[in-house]
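Hi everyone, thanks for making time this morning. I'd like to walk you through one structure, so please get the view up in front of you.

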Amino acid sequence: MNSERIPLLRTQSGILNKTPNVLVLYRLHDFQRRADVNFWLALISLICCGINIVLLILNSLSLLHDADKEGPRISEETFHLIEFWTTFIYALVDAYALITSPRSLLSIHENILILKVLFFFNVVASLVPALLISVDFTYFEHTAHELEYI
């Protein structure tokens, strides 16, 4: 373990992360790892939120179909690609956040099998439409929307 990454923590009895106590060092590194994971999950969540706000603005301006209006243009295909892939990325963040939670999965839900099934369907129900839209937008648009709203 690399104790130089964590700044020196001083206590009344000395420097905490220079202690020979392996358990304390392990816990410090575990806390650092959790902090790093939480930071990246929060950052990706904020990026997804920002993308959804931009898509909401573009959608509310009704610029997807009105070529006569002035303003930014985005094609339906590009709009849907961004929307579906952002939904999939957020589903991954959601699942990873619950899996890496310090609480056990049994404390989140009484039946662990139901929770695993929900993880599975959340990720798959967002991945399959994103892939279908990416393969052929016009052919799979309706199907992808139906799958996403399951």
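**A walk through the helices**

Let me start with one residue: Leu105 is partly exposed, with a relative accessible area of 23%. You will find Leu105 in helix 3, which covers residues 105-108. Setting aside neighbours within four places in sequence, Leu105 is in contact with Leu98, Ile112, Leu115 and Phe119. If you want a distance to check on your screen, take the C-alpha atoms of Leu105 and Lys116: they are separated by 9.4 Å, and the two residues are 11 apart along the chain.

Now let me step back to the whole protein. Please keep in mind that this is a predicted model. The average pLDDT of the protein is 82, and 78% of the residues score at least 70. Which element has the lowest mean pLDDT, and which the highest? Strand 2, residues 14-15, is the lowest with a mean of 55, while helix 2 is the highest with 92. Where pLDDT is low, the predicted coordinates should not be read in detail. With that in mind, I'll spend my time on the helices.

How many helices and strands does the protein have? There are five helices and two strands, and from the N terminus the order is β-β-α-α-α-α-α. Of the 150 residues, 23% count as buried. The accessible surface comes to about 10500 Å², and carbon and sulfur atoms account for 65% of that. As for contacts between residues at least 6 apart in sequence, 52% of them join residues at least 24 apart.

On to helix 2, then. Its 24 residues should span 34 Å at 1.5 Å a residue, and the end C-alpha atoms are 35 Å apart, which agrees. The buried residues in helix 2 are Phe79, His80, Glu83, Phe84, Thr86, Phe88, Ala91, Val93 and Ala95. Those of you who like polar residues will spot His80, Glu83 and Thr86 among them. Let's pick out Thr86. Thr86 has a relative accessible area of 5%, so it is buried. Beyond residues up to four places away in sequence, Thr86 touches Cys48, Ile51 and Asn52.

Next, helix 4. Here too the 24 residues should span 34 Å at 1.5 Å a residue, and 35 Å between the end C-alpha atoms agrees with that. Buried in helix 4 are Leu115, Phe119, Ser126, Pro129, Ala130, Leu132 and Ile133. What do these buried residues pack against? They pack against helix 2, helix 3 and helix 5. Leu115 and Phe119 are two names you have heard already, as contacts of Leu105.

Between helix 4 and helix 5 there is a loop, and Asp136 sits in it. Asp136 is partly exposed, at a relative accessible area of 31%. Along the chain, Asp136 and Glu77 are 59 residues apart, yet their C-alpha atoms are separated by 9.5 Å.

That brings us to helix 5, residues 137-148. A straight helix of 12 residues would span 16 Å at 1.5 Å a residue, but helix 5 spans only 14 Å between its end C-alpha atoms. Which residues of helix 5 are buried? They are Phe137, Ala144, His145 and Glu148. Looking down the axis of helix 5, you see these buried residues fall within an arc of 95°, so they line one face of the helix. They pack against helix 2 (76-99) and helix 4 (112-135). On the other side of helix 5, Tyr139 and His142 are exposed.

Last stop: the aromatic rings. A pair of aromatic rings is described by the distance of the centres and the angle of the planes. There are four aromatic pairs in the structure, and I'll show you two of them. Phe39 and Trp40 form an edge-to-face pair, 5.2 Å centre to centre with 80° between the planes. Phe39 counts as partly exposed, at 48% relative accessibility. Tyr139 and Phe140 also form an edge-to-face pair, with 4.9 Å centre to centre and 90° between the planes. In that pair, Tyr139 counts as exposed at 61% relative accessibility, whereas Phe140, at 21%, counts as partly exposed.

That's my tour, and I'm happy to go back to any part of it.

Key
Residues are numbered from 1 along each chain as its sequence is written. This is a predicted model: local features need pLDDT of at least 70, side-chain atom pairs count only at pLDDT 80 or more; totals for chains, interfaces and linings use all residues. Side-chain values use heavy atoms; hydrogens and water are left out. Helices (H or I, at least four residues) and strands (E, at least two) are DSSP runs, numbered from the N terminus. The expected span of a helix is 1.5 Å times one less than its number of residues. Buried means under 20% relative accessible area, exposed over 50%, partly exposed in between (1.4 Å probe, protein chains only). The arc is that of the directions from the helix axis to the C-beta atoms. Contact means heavy atoms within 4.5 Å. Accessible areas come from the Shrake-Rupley method with a 1.4 Å probe; for residues, only the protein chains shown count as cover. Rings of Phe, Tyr and Trp (its six-membered ring) pair if their centres lie within 6.5 Å; planes under 30 degrees apart count as stacked, over 60 as edge-to-face and the rest as tilted. pLDDT is the predictor's confidence in each residue, from 0 to 100.
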